[in-house]
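Biologist: I would like to learn how to read a model of this kind feature by feature, with the general idea before the particular case. Could we go through it together?

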Amino acid sequence: MPLALRPLHPDVGVEVLGCDLSHPLDDEQFQSLLDAYHRHSVVVVRGQSLAAPAQAGLLRRFGTPKISQRKEFHVPGTPEIGRVGNTRHPDGTPSAFLDRYGNLWHSDTASDQHVDGVTMLYCVMTPQVGGDTLFASMGRAYETLPADLKARIDGRTVVHNFNQHNDYLLARNPGSAQPLSEADRAKWPDREHELVQRHPVTGRPLYFISPTLVRGISGYSDEQAQRLSAELVAHATRPEAVYRHKWQVGDLVFWDNRASLHSASPADYQGGQRLMHRGYAYVHYA
Ligand SMILES: [Fe+2]
């Protein structure tokens, strides 16, 4: 039987109902989960009791998991899943990666050449205050973009670079990111992407831009490119276009990084604890 859906926002996000992910879905159910992911960009499944191996199994049905370099935060025995949050071991050392990179609008995919990627978060602990995640649809953003702005971006390419994002965070808030050595910087080359794209499954046009990684847009000076990037992101993330997810323990949320932007709210949990199990997979379409 196909799964039942409940939209969470007119533009982005859908909740899947009556779904137990602790056992593998049959092919028809997985297909309806995949359809929901393509059509709504962000999928929420509440009330789950999901061991890390089951989450990794679901991730593998989407594509090829990317293993985080932060081995110390892997869930033991399941390297596809990493711990993200502010929890600590009894000796006081962090037991999860406190990700301050995410408190800005971005796509997890923009530092890669391959832009089809699913990020999957499972909520183990959530604070009373803070820790929300915000989402915006880039397909809806393109549809509602004023014609003059559409004309300014059609046929352009955008160059993204992770080093620029890292430098920005360091300059804005020292300590919020790691200074990178030249050897580390070399691991993050420029990535050139089409600014206007069609989703490979739905065919829906969208624009792909991750503002703090933008080094340039073809045909524009650096200053013009930064202004244009800011306009495009401001349009995509205007308050009425944003779905804000307030986490509950047992939520599984996954999103299409080609078709959406997301942002964490500030990582001040006022003494609360947050722990997510995070997976990421490259998705390959024929
Ligand atoms: Fe992110």
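Modeller: This is a predicted model, and a good place to begin is a single bridge between strands: Thr-157 stands opposite Glu-194 in strand 10. That bridge belongs to the pairing of strand 9 (residues 157–160) with strand 10, which is antiparallel and extends over 4 bridges.

Biologist: In what order do the strands of this open sheet of 3 strands lie?

Modeller: The order is 10-9-13, and the pairing is antiparallel. Strand 10 (191–194) and strand 13 (214–217) each have a single partner strand and therefore stand at the edges, with one side of each left without a neighbour in the sheet. From one strand to the next, the twist averages 25 degrees.

Biologist: Which strands pair with strand 7, and over how many bridges?

Modeller: Strand 7 pairs with strand 17 (residues 275–282) in the antiparallel sense over 8 bridges, and 5 bridges join strand 7 to strand 15 (residues 252–256), again running antiparallel. To locate these pairings on the chain, one may take Thr-119, whose bridge partner in strand 17 is Tyr-280, and Tyr-122, which stands opposite Leu-252 in strand 15. Strand 7 is also mostly covered, with 7 of its 9 residues buried.

Biologist: How should I read the packing of two helices, and at what angle do helix 1 and helix 2 cross?

Modeller: Two packed helices are described by the angle between their axes together with the distance between those axes. Here the axes of helix 1 (residues 27–40) and helix 2 (residues 52–62) come within 11 Å and cross at roughly 70 degrees, which means that helix 1 is roughly perpendicular to helix 2. The residues that meet are Asp-27, Phe-30, Leu-33, Leu-34 and Tyr-37 in helix 1 and Leu-58, Arg-61 and Phe-62 in helix 2; sorted by class, this contact has 6 nonpolar, no polar and 2 charged residues.

Biologist: Which residues coordinate the iron ion?

Modeller: The iron ion is coordinated by His-106 through NE2, Asp-108 through OD and His-262 through NE2, at 2.1 to 2.2 Å, and along the chain these donors follow the spacing H-x1-D-x153-H. Asp-108 and His-262 link distant parts of the chain, 154 residues apart, since Asp-108 is in the loop between strand 6 (78–85) and strand 7 (117–125) whereas His-262 is in strand 16 (residues 260–264). Both Asp-108 and His-262 are buried.

Biologist: Is Ser-111 buried or exposed, and what is it in contact with beyond its neighbours within four places in sequence?

Modeller: Ser-111, which has its place in the loop between strand 6 and strand 7, counts as buried because its relative accessibility is 11%, under the 20% limit for that class. Leaving aside neighbours within four places in sequence, Ser-111 is in contact with Phe-162, Trp-188, Arg-191 and Leu-213.

Biologist: What should I look for in the backbone phi angles?

Modeller: Most residues other than glycine have a negative phi. Ser-41 has a positive phi of about 70 degrees although it is not a glycine, and Gln-270, also a residue other than glycine, has a positive phi near 50 degrees.

Biologist: Where do Ser-41 and Gln-270 lie, and is each buried or exposed?

Modeller: Ser-41 lies in the loop between helix 1 and strand 3 (42–45), and counts as buried because its relative accessibility is 3%. Gln-270 is found in the loop between strand 16 and strand 17, and at 60% relative accessibility Gln-270 counts as exposed.

Definitions and conventions
Residues are numbered from 1 along each chain as its sequence is written. This is a predicted model: local features need pLDDT of at least 70, side-chain atom pairs count only at pLDDT 80 or more; totals for chains, interfaces and linings use all residues. Side-chain values use heavy atoms; hydrogens and water are left out. Donors are N, O and S atoms within 2.8 Å of the metal (3.2 Å for Na, K and Ca); water is not among the atoms, so sites may look incomplete. Buried means under 20% relative accessible area, exposed over 50%, partly exposed in between (1.4 Å probe, protein chains only). Contact means heavy atoms within 4.5 Å. Two strands pair if DSSP finds at least two bridges between them. Axes are lines fitted to C-alpha atoms, for helices over the stretch in contact, and angles run from 0 to 180 degrees between N-to-C directions. Angles under 35 degrees count as roughly parallel, over 145 as roughly antiparallel, 65 to 115 as roughly perpendicular and the rest as oblique. Ala, Val, Leu, Ile, Met, Phe, Trp, Tyr, Cys and Pro count as nonpolar, Asp, Glu, Lys and Arg as charged, and the others, Gly among them, as polar.
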